[in-house]
Amino acid sequence: MMLKRKNWETSLAKELKKQRLFQWGRDDCCLFVGDAIKAMTGFDPAQSFRGKYSTSLGAYKELKRRGFSDVGDLAEKMTLALGFKKVDINFAKNGDIVSTLIDSHVSLGVVQGEYGVFVGSSGYVHVNKGDVISAWAVE
């Protein structure tokens with residue numbers, strides 16, 4: 001099981017202050033969540049995906065090549081492999097991983113306060129926690 005570092009809140013806050021505009025293979029939802037997990041734990045679960053694609057089609061092919069049907073399937077399997085337990089949305093806390101639909105596609109983000117924070121084309125997108133689909137606790 002992956003454990004948060006002592007200073008994870010400060011590290012995550014610094015990570016969330018970085019400017020991000022959605023870009024496949026650079027600042028997409030999977031890499032954003034990988035950055036957040038690395039800030040909290042020191043481990044980057046997205047490392048092997050970095051530099052492997054630069055388009056939506058490339059991302060889809062990379063997911064398929066690794067045996068995932070889509071981003072939601074990746075989230076379910078990777079969080080399980082990392083030891084993150086699925087939790088009720090109402091119990092999701094700062095730093096937990098969440099998913100929601102953005103533009104009809106599953107997107108991954110991180111809980112901050114009462115919101116799930118996601119990367120969008122104009123910067124961060126804040127979605128009320130009650131409107132997210134799934135949540136996984138990062139202990």
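**Exercise 1. What covers the buried residues of helix 2?**

Solution.
- Start with the kind of model. This one is predicted.
- Next, count the burial. Of the 13 residues of helix 2, 12 are buried, so the helix is largely enclosed by the rest of the structure.
- List some of them. Among the buried residues are Cys29, Cys30, Leu31, Phe32 and Val33. Gly34, Asp35, Ala36 and Ile37 also belong to the set, as do Ala39, Met40 and Thr41.
- Now name the cover. It includes helix 1 (8–17) and helix 4. It also includes strand 2 (97–102), strand 3, strand 4 and strand 5 (123–128).

**Exercise 2. Check the span of helix 2, then describe its two ends.**

Solution.
- Take the expected value. At 1.5 Å a residue, the 13 residues of helix 2 should span 18 Å.
- Compare it with the model. The end C-alpha atoms are 18 Å apart, which agrees.
- Look at the N-terminal end. Aspartate 28 caps it. A side-chain oxygen of aspartate 28 lies 3.2 Å from the backbone nitrogen of cysteine 30.
- Look past the other end. Glycine 42 follows helix 2, and its phi is positive, near 90°.

**Exercise 3. Describe the largest pocket: volume, lining and the elements that build it.**

Solution.
- Begin with volume. The largest pocket has about 550 Å³.
- Count the lining. It has 24 residues. Those nearest the centre are Phe22, Trp24, Val71, His105 and Val106.
- Sort the lining by class. There are 14 nonpolar, seven polar and three charged residues.
- Find the contributors. Helix 2 (29–41), helix 3 (56–65) and helix 4 (71–82) each give at least two lining residues. So much is also true of strand 3 (105–112) and strand 4 (115–120).
- Pick the leading element. Helix 3 provides the largest share, four residues.

**Exercise 4. Is valine 117 buried or exposed, and which residues does it touch?**

Solution.
- Place the residue. Valine 117 sits in strand 4.
- Read its accessibility. The relative accessible area is 4%; buried means under 20%, so valine 117 is buried.
- List the contacts, leaving out residues up to four places away in sequence. Valine 117 touches Leu16, Phe32, Gly109, Val110, Gln112, Tyr124, Val125 and His126.
- Add a distance. Valine 117 and valine 33 are 84 residues apart in sequence, and their C-alpha atoms are 9.8 Å apart in space.

**Exercise 5. Place serine 134 and threonine 55, and state how accessible each one is.**

Solution.
- Take serine 134. It lies in strand 6 (residues 134–137).
- Apply the cut-off. Serine 134 has a relative accessible area of 9%, which is under 20%, so it is buried.
- Name its contacts, again not counting residues up to four places away in sequence. Serine 134 touches Glu76, Lys86, Ile89, Ile97, Val98 and Ser99.
- Turn to threonine 55. It is in the loop between helix 2 and helix 3.
- Read its value. At 40% relative accessible area, threonine 55 is partly exposed.
- Finish with a separation. Threonine 55 and histidine 105 are 50 residues apart along the chain, and 15 Å separates their C-alpha atoms.

**Exercise 6. What is the phi of aspartate 103, and what is the phi of serine 104?**

Solution.
- Locate aspartate 103. It lies in the loop between strand 2 and strand 3.
- Locate serine 104. It is found in the loop between strand 2 and strand 3.
- Read the angles. Phi of aspartate 103 is near 55°, positive in a residue other than glycine. Serine 104 has a positive phi of about 70°, although it is not a glycine.
- Check accessibility. Aspartate 103 counts as exposed at 67%. Serine 104 is exposed, with 68%.

Definitions and conventions
Residues are numbered from 1 along each chain as its sequence is written. This is a predicted model: local features need pLDDT of at least 70, side-chain atom pairs count only at pLDDT 80 or more; totals for chains, interfaces and linings use all residues. Side-chain values use heavy atoms; hydrogens and water are left out. On a 1 Å grid over the protein atoms alone, a cavity is a set of points where a 1.4 Å probe fits but cannot get out, and a pocket is an open set with protein on both sides within 12 Å along at least five of seven lines; lining residues have an atom within 4 Å of a point. Grid points are joined across faces, edges and corners, and a volume is the space filled by probe spheres set on the points. Ala, Val, Leu, Ile, Met, Phe, Trp, Tyr, Cys and Pro count as nonpolar, Asp, Glu, Lys and Arg as charged, and the others, Gly among them, as polar. The expected span of a helix is 1.5 Å times one less than its number of residues. Buried means under 20% relative accessible area, exposed over 50%, partly exposed in between (1.4 Å probe, protein chains only). Contact means heavy atoms within 4.5 Å. A polar contact is a pair of N or O atoms within 3.5 Å; within protein, one must be able to donate a hydrogen and the other to accept it, and residues adjacent in sequence count only if both atoms are side-chain atoms.
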